[in-house]
Amino acid sequence: MKKIFIAFLSFTATLVVHAQNKEIVLETKNSALVYVMKDNQKVYQAYLGQKLNQSSEYLKAGGPQKEAYIGAGMEDFFEPAIRVVHADGNPSLDLRVSDQKINKEGNITTASITLKDPQYPTQVVLHFKSFFNEDVIKTWTEIRNGEKGTITLYNYASSMLHFSAPNYWLSQFDGDYMTEMRMKESKLTTGIKTLDSKLGSRAHMYRTPVFYLSLGNLSTEKNGELIAGTLGWSGNFQSSFEIDQSNNLRVINGVNPYASDYKLAAGQTFVTPEFIFTHTLNGKGQATRNLHDWARNYGVLDGMKPRMTLLNNWEATHMDFNQDILVELFDGAKKLGVDLFLLDDGWFGNKYPRDADKTALGDWQTDQKKLPSGIGYLVKQAETKGLKFGIWLEPEMISPKSELYEKHPDWILKLPNRDESLSRHQLVLDLVNPKVQDFVFKVVDDLMKENPNIAFIKWDCNRPMTNTYSPYLKANQSNTYVDYTRSLYKVLERLRAKYPHLPIMLCAGGGGRTDYGALKYFTEFWPSDNTDGFERVFIQWGYLNFFPALTVSSHITSMGKQSIKFRTDVAMMGKMGYDIKVNKMTNEEIEFSNQAVKTYKKLSDVIWFGDLYRLISPYEEPRAVLMYADKNKNRAVVFNYILNYRRKEYLGKVKLDGLDANKQYKIEEVNLMPGTKSALAENGKVYSGDFLMKVGLNLAPGKVQAVSSSVIELIAQ
Ligand code: GLA
């Protein structure tokens with residue numbers, strides 16, 4: 001087939017436009033997404049699957065070709081990607097191709113298909129960005145109102161994808177406060193399955209916007225065709241999976257249309273959030289590794305830079321502290337050997353001091369009684385002890401008992417004729433109001449200007465939205481949910497322009513906000529207020545499916561009653577930190593922990609930047625085993641957690657993964673309690689990668705104890 005290359009573009013095999021059929025072939029290392037423009041000027045998804053050697057053969061693949069981005073009101077009978085009511089009240093959209101662009105620069109290819117309605121000057125641009133090495137594709141949509149009046153968008157998906165397989169399996173990740181990311185898997189049946197959120201802020205408390213979709217059979221870690229998808233949006237989201245009468249599946253991802261019909265004024269363009277996905281034939285493990293690689297390179301702020309270990313004071317003191325107590329806690333941080341001390345909630349408010357969660361949000365002035373010498377003093381004291389200093393903020397919120405509320409009662413989200421609706425005794429600021437955006441920016445900016453040595457921020461968001469009405473928006477209330485999230489991003493943009501690399505942890509009462517829309521601005525996130533080591537195995541396991549270890553803040557606390565070793569081993573699988581009363585720890589625990597921090601520092605480049613392999617799932621056996629291997633396959637670390645072990649339960653050898661079969665690896669159990677020895681028969685010995693991956697290690701030697709753990713380092717000889 002003759003190929004015509006658009007002259008100004010320097011692409012090669014990655015993205016090709018075939019003249020006769022007007023194909024767009026978007027290829028990554030292993031996958032391809034292909035669109036075709038037909039004579040009727042409509043664009044159809046022709047292929048989504050494994051890459052073929054010859055791009056000219058995609059159209060021979062067969063299977064139903066479905067319109068790429070279906071507008072409501074025309075011939076289609078199923079869920080639309082877009083539903084628009086034009087300025088004259090016409091509720092239909094007919095999308096025909098008017099232009100397409102492609103560009104390849106190194107690893108990244110961008111493509112866009114511009115669609116226009118022949119009868120209305122409404123324009124829809126489908127955007128694609130593919131990341132060759134990571135096998136990841138990002139899609140989003142721009143909708144431009146070229147009409148003279150306002151149009152209303154009722155549905156406005158980021159992405160619509162079509163599949164044709166005998167069966168479809170969905171793996172979703174649900175939960176609640178303290179029980180985040182519990183994996184549930186089910187076979188999809190005819191009709192629509194929807195995963196969504198209507199919580200506005202802290203939007204992901206019940207469900208994270210992530211999923212695996214297995215095609216054919218339910219994928220395992222190593223086998224099976226699937227896509228892993230996630231929406232980069234910190235507000236209400238919706239993923240819908242609809243199987244039609246012919247067993248075709250359409251998957252639509254985007255902002256949740258719930259209560260969000262968006263009024264788009266003449267001349268305005270609506271840009272949807274990005275939907276990010278990877279396709280693989282090699283199971284969930286490969287999907288995870290693709291997403292992790294993409295996230296570190298492109299999705300997370302400073303994803304290829306190291307993180308700091310820290311001691312947080314929340315679980316140790318809650319809001320009950322003063323200057324001297326904090327300075328004493330610095331000594332604890334020193335004993336542990338961490339990099340940073342993080343001061344949590346309770347340091348602000350004077351007229352209404354923040355002694356409990358009922359007051360002071362919005363009054364971001366240092367509590368002069370608790371901290372008479374100010375934050376600057378704490379920063380200095382920390383520094384004299386060789387520690388960096390970080391601080392907690394919850395800038396989007398306001399307490400009714402605050403000076404800010406007294407000054408600006410109209411700065412909150414609140415419905416007219418309804419009572420204020422409190423959650424955790426607080427209200428959500430009307431961030432859509434540019435004055436509120438300035439205020440929130442200034443909270444952080446002033447703090448940083450006064451204390452330029454603050455080295456870390458924890459940005460919290462402790463309630464969802466109810467009573468959702470923006471006094472600022474007045475008539476266009478159904479824009480509120482969307483505009484709130486956009487306003488948050490605007491503030492974060494401004495902050496990042498001024499403080500591009502300040503590490504900030506994203507928190508929302510635990511994992512209430514975990515998505516790649518926000519993670520562009522954040523360096524890590526707080527997965528859960530549940531820090532019980534046993535529970536954390538599952539919670540972190542869940543998040544690690546979609547987010548790399550260096551983003552998953554994992555703190556050792558006293559919430560669980562497990563041994564310090566178990567709790568530490570659990571925290572080590574993510575980004576380790578502490579939130580513990582060091583003065584209540586025994587000398588042995590401190591000695592162990594100090595050594596553990598050193599061990600973690602030694603292993604952290606493998607954990608943060610290596611490839612994750614989940615070896616035994618806690619959903620399948622009474623234990624969880626996972627490992628990271630560095631990209632050169634020279635070093636690896638295995639985390640082994642025995643959970644609810646019952647007498648004589650069979651725990652077979654664990655086959656490792658991600659090693660080089662031809663290399664020899666020395667096995668060494670690390671992070672042992674002082675004075676104890678490894679029970680592993682293989683400890684200290686050398687095995688080939690081949691043996692370790694085909695035969696494996698006995699990770700349950702001797703008398704097996706419930707709730708026990710080990711960490712094993714492998715070094716190529
Ligand atoms: C949320 C966070 C906690 C802590 C408190 C402070 O619940 O998840 O870690 O910061 O707020 O109020």
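Over residues 66-265 of this predicted model, the chain is 58% strand and 0% helix. The C-alpha atoms at the two ends of that span are 31 Å apart. A UniProt annotation from an unreviewed entry, "domain: Glycosyl hydrolase family 36 N-terminal", covers residues 66-265.

One position serves to illustrate this part of the chain. Alanine 165 belongs to the loop that joins β11 (151-164) to β12 (168-174). Its relative accessibility is 13%, and alanine 165 therefore counts as buried, the limit for that class being under 20%. Apart from neighbours within four places in sequence, the residues in contact with alanine 165 are Leu215, Gly216 and Asn247. A separation of 58 Å lies between the C-alpha atoms of alanine 165 and glycine 386, two residues that are 221 residues apart along the chain.

The ligand comes next. There are 13 residues around the ligand, and those that come nearest are Asp344, Asp345, Arg424, Lys458 and Asp529. By character, the shell around the ligand comprises six charged, three polar and four nonpolar residues. Individual side chains can then be considered. In arginine 424, a polar side-chain atom is found 2.9 Å from an oxygen atom of the ligand. Aspartate 460 likewise has a polar side-chain atom that lies 2.9 Å from an oxygen atom of the ligand. For tryptophan 392, an N or O atom in the side chain is 3.1 Å from an oxygen atom of the ligand. Taken alone, the ligand exposes 300 Å², of which the protein buries 97%.

Further along the sequence, UniProt, again in an unreviewed entry, places the feature "domain: Glycosyl hydrolase family 36 C-terminal" at residues 624-714. This span is 34% strand and 7% helix. The end C-alpha atoms of residues 624-714 lie 18 Å apart.

Serine 710 offers a view of the surroundings in this region. This residue lies in strand β37, which is formed by residues 708-716. Serine 710 has a relative accessible area of 6% and is therefore buried. Its side chain makes a polar contact, at 2.9 Å, with the side chain of asparagine 640. Asn640 also appears among the residues in contact with serine 710 once neighbours within four places in sequence are left aside. The others in that list are Lys565, Asp569, Val638, Phe639 and Glu669.

Two further residues deserve attention for their backbone geometry. Glutamine 41 is not a glycine, yet it has a positive phi of about 70°. This glutamine is located in the loop between β3 (31-37) and β4 (43-50). With 37% relative accessibility, glutamine 41 counts as partly exposed, because that class lies between the limits of 20% and 50%.

Alanine 360 also has a positive phi, of about 80°, although it is not a glycine. Its place is in the loop between β23 (340-343) and α4 (374-384). The relative accessibility of alanine 360 is 0%, so this residue counts as buried.

Methods: Residues are numbered from 1 along each chain as its sequence is written. Side-chain values use heavy atoms; hydrogens and water are left out. Helices (H or I, at least four residues) and strands (E, at least two) are DSSP runs, numbered from the N terminus. Buried means under 20% relative accessible area, exposed over 50%, partly exposed in between (1.4 Å probe, protein chains only). Contact means heavy atoms within 4.5 Å. UniProt positions are given in the numbering used here, feature names are shortened, and annotations may be inferred rather than shown by experiment. A residue is near a molecule or strand if one of its heavy atoms lies within 4 Å of it. A polar contact is a pair of N or O atoms within 3.5 Å; within protein, one must be able to donate a hydrogen and the other to accept it, and residues adjacent in sequence count only if both atoms are side-chain atoms. Accessible areas come from the Shrake-Rupley method with a 1.4 Å probe; for residues, only the protein chains shown count as cover. Ala, Val, Leu, Ile, Met, Phe, Trp, Tyr, Cys and Pro count as nonpolar, Asp, Glu, Lys and Arg as charged, and the others, Gly among them, as polar.
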